[in-house]
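Work through the exercises below with the structure open. Each task is followed by a worked solution.

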Amino acid sequence: AYSAMLIDILPKEDRVRGFSLNYWALNLAITCSAALGGLLAGFDFHLLFVIDGCTSLAMAVIVLLRVPETLHRESPGGSGGAERPRAPGPLRDSAFLSLVVTATLCGLLFAQYTSTLPLVMQRSGFPPSAYGIVAALNGLLIVAGQLLVPRLLRQRDPSRVLALAAAIIGLGFWLNAWAFDLWSYSLSVVVWTFGEMLYSPSAASLSAELSPVTARGRYQAAMGLSWSLGGLLAPLTGGLVLDRLGAGTLWSCCLLIGRCASSLNLLTVRLRRERIAVLAREAA
């Protein structure tokens, strides 16, 4: 629902900028909440949950008072040209489904950052604090650089940007195969975080363009499911590869997955453009 409202509120020409700002705000909140949550937990653990509940209620009040309803209702049919036909389901839309597949592959890569990467660093003799530094670096880089990304993406085909981003993400995780100290692990984070900063607003913007006006909730739910599926599969497959074949093979598989996602994005450029053109004619 949140993603669908963002799409409805943002004009097409401002979506990349708007999604970048939203992603920046999210990562700023995550970066700050870890430190603030730790302080609150040390003072009074119950207070942590009380304040968390209050911030959630505050958001509800802001949305209620300041955000207009954006829902485009589907008409049942039968009374003139003003009615819109019911949109197909997202999983029957080949152009959108290709985006969901590539998002799942990229989600599979991203989730290695919280599942197998700390295990690999632990096996290499690094203390938990070292992983904490690496983990914090991702959020700090996004907070520092995400708002500059829209300038790089201006007038760029989003599918081609996603292809580049997926390749960079895969390369970044592959660099872990050569990491031997905190600096080399940090270099890996810098590389795949840059790919993440390109990927997130481009995927959100393209998902918006591929979502029919009357089905944005369903389409955004399917897009969100791709990340959940990637997060589900990552520790299962990544842990299995790590145990059976070792860390080197795991990171090489990440490079291969990134290239597969990149290739699929390039192969579907025309399909997605045609679908966007059809949706634009239907909405006119």
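The exercises cover nonpolar cores and salt bridges in this predicted model.

**Exercise 1.** Find which members of the largest nonpolar core touch the most other members, and which elements build that core.

Solution.
- Start with the core itself: it has 53 residues.
- Rank its members by contacts. L117, M121, F173, Y185 and Y199 touch the most others.
- Map the core onto the helices. Elements giving two or more residues include α4 (94-110), α8 (158-174) and α10 (216-245).
- Zoom in on F173. Leaving out residues up to four places away in sequence, F173 touches L109, F110, Q112, Y113, S188, W192, W251 and C254.
- Check for a separate core. A second one has five residues, among them L6, I7, L10 and F19.

**Exercise 2.** Determine what the salt bridge between R123 and D243 ties together.

Solution.
- Take the distance: the closest N and O atoms are 2.8 Å apart.
- Place the partners. R123 is in helix α5 and D243 in helix α10, so the bridge links parts 120 residues apart in sequence.
- Add exposure: R123 and D243 are both exposed.

**Exercise 3.** Decide whether D157, the salt-bridge partner of R273, is buried or exposed.

Solution.
- The R273–D157 pair has its closest N and O atoms 2.8 Å apart.
- R273 lies in helix α12 and D157 in the loop between α7 and α8, so parts 116 residues apart in sequence are tied together.
- The cut-off for buried is under 20% relative accessible area. D157 is at 18%, so D157 counts as buried.
- R273, at 47%, is partly exposed.

Terms used. Residues are numbered from 1 along each chain as its sequence is written. This is a predicted model: local features need pLDDT of at least 70, side-chain atom pairs count only at pLDDT 80 or more; totals for chains, interfaces and linings use all residues. Side-chain values use heavy atoms; hydrogens and water are left out. A nonpolar core is a set of buried Ala, Val, Leu, Ile, Met, Phe, Trp, Tyr and Cys residues joined through side-chain atoms within 4.5 Å. Buried means under 20% relative accessible area, exposed over 50%, partly exposed in between (1.4 Å probe, protein chains only). Helices (H or I, at least four residues) and strands (E, at least two) are DSSP runs, numbered from the N terminus. Contact means heavy atoms within 4.5 Å. A salt bridge is a side-chain nitrogen of Lys or Arg within 4 Å of a carboxyl oxygen of Asp or Glu.
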